[in-house]
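The following paragraphs walk through part of a predicted model. Please look at the structure before reading on.

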Amino acid sequence: MNYLSVENISKSFGELTLFENISFGINKDQKIAFIAKNGTGKTSMLNIIAGIDSSDTGQVISRKGLKIEYLSQEDNLNDALTVEQTIFDSDNETLKVIEEYEHALLNPEDENEYQRAFEKMERLNAWDFETQFKQILSKLKLDDLTKKVGELSGGQRKRLSLALILIHKPDLLILDEPTNHLDLEMIEWLESYFEKEKITLFMVTHDRFFLERVCNEIVELDNGGFYTYKGNYSNYLQKKEERIEQEQATVDKAKNLFKKELDWMRRQPKARTTKSKSRIDDFFVIKEAASKRRNDHKVQLEIEMERMGTKILELHKISKSFGDLKILDKFDYNFLRGERIGIIGKNGTGKSSFLNIITGGIPIDSGKVVIGETIKFGYYTQDGIEVKPGQKVIEVIKEFGEYIPLTKGRKISAGQLLERFLFSRKRQYDFVEKLSGGERKRLFLCTVLIQNPNFLILDEPTNDLDIITLNVLENFLLDFPGCLLVVSHDRYFMDKIVDHLFVFRGDGVVEDFPGNYSDFRAYEDSKPKEEVVEIKKIESTTPVKTTTKAKLTYKEKKEFDGIEEEIAALNTEKSNIEAKFLDGSLSGEEINELSIKLQEISTEIENKEERWFELSSKLED
């Protein structure tokens, strides 16, 4: 079933043409990724499809009644509302009913209001919907529903915007970099969610693992051409390579023919017959084909970085806390030459703070940071580049240097460096404010590199960069001879460039793992799972609130809602007692008392679970 058709659309800004005469369709259950270089109109394309912007030519035709949700780079949230108010600020009837029910639960003395809300929940079968949207909020770490939107960080706002569109369950989801501001755990959950949900997607993302596991089709805007590839990212890479080889074979054939025709043209035939005039016209067509070449720039910079001494960077028992939040607890590490370390961990565990501690941006509570005399940091932060009005691209980089030295006595100018990082000569004289978000990130990266550091520190360098630029950056970093310390949620990127990981577990715990992200993931998955308490088993095997034939009274419903928490609390108490038996210093009397207490709790758990099943069976009658 066709949801949406894009027919011959074009978009330009002044003399800059982003794309011309693009046509494609989006069908039900397709999961399509859109790949293109930064600055070639990816976001403009999404805005046109979502109806926020219009194309210069052509049209977008959508199925009547099609519900579209769009996750853009800029949110339109109301700062005055709380997170909860934002969620329920919708025309969605089911959400309105859930809001009424939640309100009724807060006023249990009004049995009539509760009964009405309960019946509406039953009529719309809203129980499953409520469970799903609460799970979405939990997975995206939006736990404080009373917090004002205006008080949220940029990452929290992005996660709230993502939660909203997932909760609304549209027919078509349009996503612009959905994995930005998500930690690895959230990204893997979102992957799993999109894999199992019957949902139609059209998205821009630089996360190649995400592309591999979620998408079933990839469309690419490349050098003015628009190409479609069925399958995931691996298939795209293979098919694109085949296409480029075929194009190159066509160019080579045209070059050979061009040589023959050029020789004929130079002989300047005197007889201008209709046949010869046609051949002259064909000559210019052949010339254009023979002159065609791909505009792919590979960064191959052999930078002559400053010499590194024997002392690189030493961290001696450093500790850091922000109030009750502990980031580091007597952390020790001595960096060696050429080390390539990735940093992973959940949001809020202190990854960026760790980088700022090393570079002197944040003071430590205790310990010592010793930096070698020959060390020159190059620090790429999430803040990006500061845009000055009227400043041109080339002027930005020249503020940091006119050239950088290369091996064998060579050097490269600021303009040449920019060109290698995909800024054409013409683009270098554009104003910085005209650049896309990804192009600004790329420019910021150039300002870091031209300073010729021997210790690179990168904080989320892959955010807002397109896949082509990521390949450029990876190729450079693979040849970089200095030390590398990088925070990134891009698993493909981490696998390619780091040798081992600092895993920030939270509460000051940092583990040194010998391997890349895939090695770490495999190790984590191979560890024996912790014993799951009984209540979790009940939740995973017994659906709650999934039927419209509930037979519970008001009091039974209150009991049923609270019994799960009681069982969970009892299981926690049981686990605590079992842990005490590991203490070898317990006397015989203490062991006896604990055994009696353990038996009492086990019996109470069994009674609570029997009651849970009894009430749950009424829901299924």
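Start with helix 1, residues 42-50. This helix lies across four strands: strand 3 (31-35), strand 5, strand 6 and strand 7 (200-204). Relative to strand 6, helix 1 runs at about 155°.

These strands belong to a sheet. The sheet is open, has 6 strands in the order 5-6-7-3-8-9, and its pairing is mixed. At its edges are strand 5 (68-71) and strand 9 (225-230), each of which pairs on one side only. On average, neighbouring strands of this sheet are turned by 15° against each other, direction ignored.

At the strand 5 edge, the pairing can be followed residue by residue. Strand 5 pairs with strand 6 (residues 172-176) in the parallel sense, over 4 bridges. Leu71 has Leu175 in strand 6 as its bridge partner. Helix 6, residues 154-168, packs on the sheet and touches both strand 5 and strand 6. The direction of helix 6 makes about 165° with that of strand 5.

One residue of helix 6 deserves a closer look: Lys158. Is Lys158 buried or exposed? Its relative accessibility is 7%, and because buried means under 20%, Lys158 counts as buried. What does Lys158 touch? Leaving out residues up to four places away in sequence, Lys158 touches Leu71, Ser72, Gln73, Asp176, Glu177, Asn180 and His181. Among these contacts is Leu71, the residue whose bridge partner in strand 6 is Leu175.

Methods
Residues are numbered from 1 along each chain as its sequence is written. This is a predicted model: local features need pLDDT of at least 70, side-chain atom pairs count only at pLDDT 80 or more; totals for chains, interfaces and linings use all residues. Side-chain values use heavy atoms; hydrogens and water are left out. Two strands pair if DSSP finds at least two bridges between them. Helices (H or I, at least four residues) and strands (E, at least two) are DSSP runs, numbered from the N terminus. Axes are lines fitted to C-alpha atoms, for helices over the stretch in contact, and angles run from 0 to 180 degrees between N-to-C directions. Contact means heavy atoms within 4.5 Å. Buried means under 20% relative accessible area, exposed over 50%, partly exposed in between (1.4 Å probe, protein chains only).
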